[in-house]
Amino acid sequence: MPTPYPFTALVGQDDLRLALLLNAVSPAVGGVLVRGEKGTAKSTAVRALSALLPDVDVVPGCRFSCAPAAPDPQCPDGPHEVGPGVHRAARMVELPVGASEDRLVGALDIERALSEGVKAFEPGLLADAHRGILYVDEVNLLHDHLVDLLLDAAAMGASYVEREGVSVRHAARFLLVGTMNPEEGELRPQLLDRFGLTVEVAASREPEQRVQVVKRRLAYDDDPEGFTARWAGEEAGVRERIAAARALLPQVRLGDGALTRIAATCAAFEVDGMRADIVMARTATALAAWAGRTDVLAEDVRQAALLALPHRRRRNPFDAPGLDEDKLDETLDEFGPDDPDDDPGGDGPDDGGPGGGGGLPPRNGPQDGPEQDGSSQDGPEADGAEPREAAEEPAGAPAPGGAREQRAVSAGEPFRTKMLSVPGLGEGAAGRRSRARTEHGRTTGAVRPRGTLTKLHLAATVQAAAPHQRARGRSGRGLVVRRDDLRQATREGREGNLVLFVVDASGSMAARQRMGAVKGAVLSLLLDAYQRRDKVGLVTFRGTGAEVALPPTSSVDTAAARLESLPTGGRTPLAAGLLKAHEVLRVERLRDPARRPLMVVVTDGRATGGPEPVKLAGRAAGLHAVEGTASVVVDCESGMVRLGLAGQLAGQLGGSAVTLEELRADAIAGLVKDVQGTNQTRRRAA
């Protein structure tokens, strides 16, 4: 097993180290979600923490790591007698992104349960992680139902497995740590709320600190054992401090004054529900224990708010996590301690307290630089400012097509859109848009299992076994079931699709009021794609060509940012836009053939520039129609006189057209539009 990088050798990342240590002191805090760009030591820090956790005593031979002094009375391997145990290190279990539900929660042998009446249970990763760390890298890429199971187990301290009336329960208490890169997509707000703490990490912009990172990493890679040995003293000190803080934790007093500040802070920032208050209370208590105190101070409450509240303030997927520290300080000052005993001394934490980056032992080498809050990355886009390119470019600058380019305009207010779906039955990743064969959903039939049986169709299994009972010598009430009788349930649910937006940014769309409405419509569709678990991409065309403004990604908020900065102007190379979209979809079919595409073309249907632009656009549309790409054209034409060009384009694509007004869910037109309904009607008529 490779030697982990020492936790105390990490450079900077004070908030990350502190959040991990607080969860090590008190797992009841609820875990930590680490958000940040790639290459910022997220995974390294989590793996390093496992070496600092105190060892655990377990019942010999128990697959569920029961404590010998207080074994779980419902342990599937039990009952266990109270007695001496086996001493071992706390485990760190990693959950792969592609793990199945059975791999996570465990698997029941349905065949033995039916034929022998035996609960044959194979433990999953939740059982392996009991009394240790469960680490989920790229947690935002996990299927939602797996994240739900994971967080339910973390909240209840137990895992439940049920298959066709056969159920197993076992303890599952662990320190949950998830890491994610926001560029690859966000977690749903409901799932974000289930993580106790969230930390934003970014690479340092201080040259001295970056040099220190490189030096230590190279030294570790050259001699992992020797490097780790040099940090053994510091590691032992932190390990002892964690054990001492755990022992002190039950004695920490959370006074009424501290509770009032916690409640006032959560109310001031308008967080939903009461989980934030509870997490802040537990975090502040853990901070006091980590600092060696038995009373919670105002500084503990402030630090707890900075760790527990930023991710709970998001109101929609386009909101960035964050906390107004000035407002936080004002709230804490307003609700200061009114009991002298509640905040003894009033002094902040000493060098060993949370204010010093988690109170880690002194290190060799240069001191850490300032907190890495990513502030140096703030660009002109912050606080709603226009992008630098748009802000510095004078109005009426030449566009690629020779016309005058308009500055980017803000999007209109988003609205709830109608559901656009891909026809037929797919087999893509679980989502909420189009019909598909999935592991979860309503049961539609039964088939013979291919490989391991995961979802038993009980009625079909009994029906297959019933005719053979006499030949199998059945006696008594039990049913004689063999492997050939087992039937796998087929289920139908919803899948996520690849929604590729092809947006006309030409001069014909450049009227500010009109383009604002168009951007508002696309923003609404992006929000709908986020809620339905789709991947999204953005192709724009104007002037003399088209470009991929955003390759297909799960990060809907990135697409929204690119849309907001989109300028307009120039001619309308419609054919170039459709051909660029065709190329993007061709590549994506090779990468992910199971994910079906939905192309949304946002245009007024005009085609200008170059020889025979209308004819070329018709040929490009025909390529999509031949390949059966599901498509919808959002008609942006306005005014009293309309040419109906968008409708003609929809016919050439083999799709359908909707106006901006019809796109709204509350429009008079039908509630659900099948994007190929028009084409299917035409084929049936032919």
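A negative surface patch is a good place to start: Asp324, Asp326, Glu330, Asp333 and Glu334 form it together. Please keep in mind that this is a predicted model. Within the patch, Asp333 belongs to helix H14, which covers residues 325–334. From there, this briefing moves on to salt bridges, a set of paired strands, a nonpolar patch and some backbone details.

**The negative patch**

- Asp333 counts as exposed because its relative accessibility is 64%, and a value over 50% is what exposed requires.
- The other members of this negative patch are Asp324, Asp326, Glu330 and Glu334.

**Salt bridges**

- How many salt bridges does a search of the whole structure find? The search finds 28 of them, and several are described below.
- Asp152 pairs with Arg194 in a salt bridge whose closest N and O atoms are 2.9 Å apart. Asp152 sits in helix H6 (residues 144–156), while Arg194 sits in the loop between helix H7 (189–192) and strand E11 (197–201), so this bridge ties together parts that are 42 residues apart in sequence.
- Both partners are partly exposed: Asp152 has a relative accessible area of 33%, and Arg194 has a relative accessibility of 22%.
- Arg217 and Asp221 also meet through their side chains in a salt bridge, at 3.3 Å from N to O. Both belong to helix H8 (residues 207–222), and they are separated by about one helical turn because they are four residues apart.
- Arg217 is partly exposed at a relative accessible area of 35%, and Asp221 is partly exposed too, at 43% relative accessibility.
- Glu325 and Arg302 form a further salt bridge through their side chains, with 2.9 Å from N to O. This pair links distant parts of the chain, since Glu325 is in helix H14 and Arg302 is in helix H13 (residues 298–308), 23 residues apart.
- Glu325 has a relative accessible area of 38% and is partly exposed; Arg302, at 25%, is partly exposed as well.
- Salt bridges with shared partners also join Arg433, Asp528, Arg532 and Asp534 into one network.

**Strand E7 and its neighbours**

- Which way do the residues of strand E7 (residues 133–136) point? Ile133 and Tyr135 point one way, Leu134 and Val136 point the other way, and all are buried.
- Strand E4 (residues 92–94) pairs with E7 in the parallel sense, over three bridges. Within this pairing, Met92 has Ile133 of E7 as its bridge partner.
- E7 also pairs in the parallel sense with strand E10 (residues 175–180), this time over four bridges. Here the bridge partner of Val136 is Gly178 in E10.

**A nonpolar patch on helix H8**

- Val213, Val214 and Leu218 make a nonpolar surface patch of about 250 Å².
- One of these residues, Val213, is placed in helix H8, the helix that also holds Arg217 and Asp221.
- Val213 counts as partly exposed, with 41% relative accessibility.

**A contact across the sequence**

- Ala236 is placed in helix H10 (residues 232–248) and counts as partly exposed at 27% relative accessibility.
- How many residues lie between Ala236 and Thr8 in sequence, and what is their distance in space? They are 228 residues apart in sequence, and their C-alpha atoms are 9.9 Å apart.

**Backbone details to look for**

- Gly78 and Pro79 are joined by a cis peptide bond, with omega at about 5 degrees. Pro79 is in the loop between strand E2 (56–58) and strand E3 (86–88).
- Gln13 is not a glycine, yet its phi is positive, at about 50 degrees. You will find Gln13 in the segment before helix H1 (14–25).
- Is Gln13 buried or exposed? Its relative accessibility is 9%, so Gln13 counts as buried.
- Arg131 is another residue other than glycine with a positive phi, near 70 degrees. Arg131 lies in the loop between helix H5 (125–128) and E7, and it counts as partly exposed at 27% relative accessibility.

Methods:
Residues are numbered from 1 along each chain as its sequence is written. This is a predicted model: local features need pLDDT of at least 70, side-chain atom pairs count only at pLDDT 80 or more; totals for chains, interfaces and linings use all residues. Side-chain values use heavy atoms; hydrogens and water are left out. Patches are made of residues with over 30% relative accessible area and no salt bridge: like charges are joined within 9 Å, nonpolar side chains (Val, Leu, Ile, Met, Phe, Trp, Tyr) within 5 Å. Accessible areas come from the Shrake-Rupley method with a 1.4 Å probe; for residues, only the protein chains shown count as cover. A salt bridge is a side-chain nitrogen of Lys or Arg within 4 Å of a carboxyl oxygen of Asp or Glu. Lys and Arg count as positive and Asp and Glu as negative; His and the chain ends are not counted. The place of a charge is taken as NZ of Lys, CZ of Arg, CG of Asp or CD of Glu. Helices (H or I, at least four residues) and strands (E, at least two) are DSSP runs, numbered from the N terminus. Buried means under 20% relative accessible area, exposed over 50%, partly exposed in between (1.4 Å probe, protein chains only). Two strands pair if DSSP finds at least two bridges between them.
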